[in-house]
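Colleague: Could you take me closely through one part of this model, and then set beside it the other local features that deserve a careful reading?

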Amino acid sequence: MSTVLPENHYLFTSESVGEGHPDKLCDQISDGILDECLRQDPESHVACETFASQSAIIVGGEITTEAYVNVQKIASDVAERIGYSNPDYGLDYKSMAVLSMIHEQSADINQGVVGKGLKEFEGKQGAGDQGMMFGFACKETPELMPSPIMFSHKMMIQSAHLRKSGEVKWMRPDSKGQVTVEYEGHKPVRIDTVVMSQQHDPDVSDEEIRETIISKLIKPVLEPTGLLDENTKYFVNPTGRFVIGGPVGDTGLTGRKIIVDTYGGMGRHGGGAFSGKDPSKVDRSAAYMARYIAKNIVAADLAERCEVQLAYAIGVPYPVSIMAETFGTAKVSEAKIVKAVSEVFDTSPEGIIKTLDLKKPIYEATATYGHFGRSEFSWEKCDKVVALLKAIK
């Protein structure tokens, strides 16, 4: 059933998962705890992990804060907001067990982060860990994001709307979707395949599920793109049944959907998860900065596509490397772009936090439907276009 493609055409697929997916449940709890810490104490250092299985939630990790955090209430509130209100759904916020195993951050790590480590870096905020972070942007969508991941996220948003509004009463919280786009070069030309798996009540027919998902979820989201055609394939609940879901159907874990969180595989990933980490962790903050840089480069029309890499050493108050890859689409040399980036953007850990205003309780909102391509976040601004163009000349 594979598609025969013209020369220079290829298929690219990305997936997204709904807010009721077990891994996303965990991401939201971890970020909910982070937000509560930052709400009370903006200087909190948080690395919070959540595990969900059956009717139990386990929260662990390292937190150093002046805040008092009611872990039980935050976890229950997240589950209720998602819609886990019935044990038949895979979890019930009223009866689920929550176990906290949180402890303080290692003093050895903390001294490098707060500028009390090596004498040469004294008084300067160092990176919370070593590693490399990537940001990506392209001109495929108004959000300057790859098409497959944006289309997949929008299907998940529509799924939640249909369920929570009561328009489709048999929908349950767990869901996931996937979109395969046919490209000619870097240009999306059609949608080849759409996959949608939606948890449901046991007494609804396969026919009703398929007809409803296609007519009320997939087509309202994807028809406006103009990329659906008579050959687009639809796979709806392809196992034939999705009644058992949530943490009963599959365990959940914070940070296990890092490709869903970023670019759907279109851009590279350094490997570090985001959720549950305060902005002193460059796994998160530098990935946001890399996206901010890449998006401004594309918005400035310096390239059609751009991937930015930032790399750090633990305790060191500046990046050890900056790279820009434009996949042959740059209007000027990549060396000039990197030089301009170094002049325009403060990529030190302290500078990233200040530039993007990251010590606020903004993070639970990032834990579903992707961290990028959403205008409400500071790293999505295109406010450095003029400065970049001036630095290039």
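Modeller: Helices and strands here are DSSP runs numbered from the N terminus, where a helix is a run of H or I of at least four residues and a strand a run of E of at least two. Please keep in mind throughout that this is a predicted model.

The part I would look at closely is helix α9, which spans residues 334-344 and whose buried residues are Ile337, Ala340, Val341 and Val344. Seen down the axis of α9, these buried residues fall within an arc of 105°, so they line one face of the helix. Ala335 and Lys339, by contrast, lie on the other side of α9 and are exposed. The cover over the buried residues of α9 comes from elements that include the helices α8 (282-299) and α11 (385-392) together with strand β13 (321-325).

From α8, one of those covering elements, the chain can be followed into the loop between α8 and β12 (305-312), where aspartate 301 is found. Aspartate 301 has a positive phi of about 60° although it is not a glycine, and its relative accessible area of 35% makes it partly exposed. As background, most residues other than glycine have a negative phi. Glutamine 54, another residue that is not a glycine, has a positive phi of about 55°; it sits in the loop between β2 (45-53) and β3 (56-64), and with a relative accessible area of 45% glutamine 54 is partly exposed.

A buried polar side chain can be examined in strand β9 (residues 187-200), which holds arginine 190. Because its relative accessible area is 12%, under the 20% limit, arginine 190 counts as buried. Its side chain makes a polar contact, at 2.7 Å, with the side chain of aspartate 229. Leaving aside neighbours within four places in sequence, the residues in contact with arginine 190 are Thr3, Thr180, Val181, Glu182, Leu227, Asp229, Asn231 and Thr232, so that the partner in the polar contact, aspartate 229, appears in this list as well.

Finally, on the surface, Phe51, Ile58, Leu99, Met101 and Leu253 make a nonpolar patch of about 410 Å². Among these, methionine 101 belongs to strand β6 (residues 97-103), and because its relative accessibility of 52% is over the 50% limit, methionine 101 counts as exposed.

Definitions and conventions: Residues numbered from 1 in each chain as written. Predicted model: local features only at pLDDT ≥ 70, side-chain atom pairs only at ≥ 80, totals over all residues. Heavy atoms only, no water. Buried < 20%, exposed > 50% of the residue type's maximum accessible area, 1.4 Å probe, protein only. Arc of directions from axis to C-beta. Contact = heavy atoms within 4.5 Å. Polar contact = N/O pair within 3.5 Å; in protein donor to acceptor, adjacent residues only side chain to side chain. Patch = residues over 30% accessible without salt bridge, like charges linked within 9 Å, V, L, I, M, F, W, Y side chains within 5 Å. Areas by Shrake-Rupley, 256 points an atom, 1.4 Å probe, with all protein chains shown as cover. Salt bridge = Lys/Arg side-chain N within 4 Å of Asp/Glu carboxyl O.
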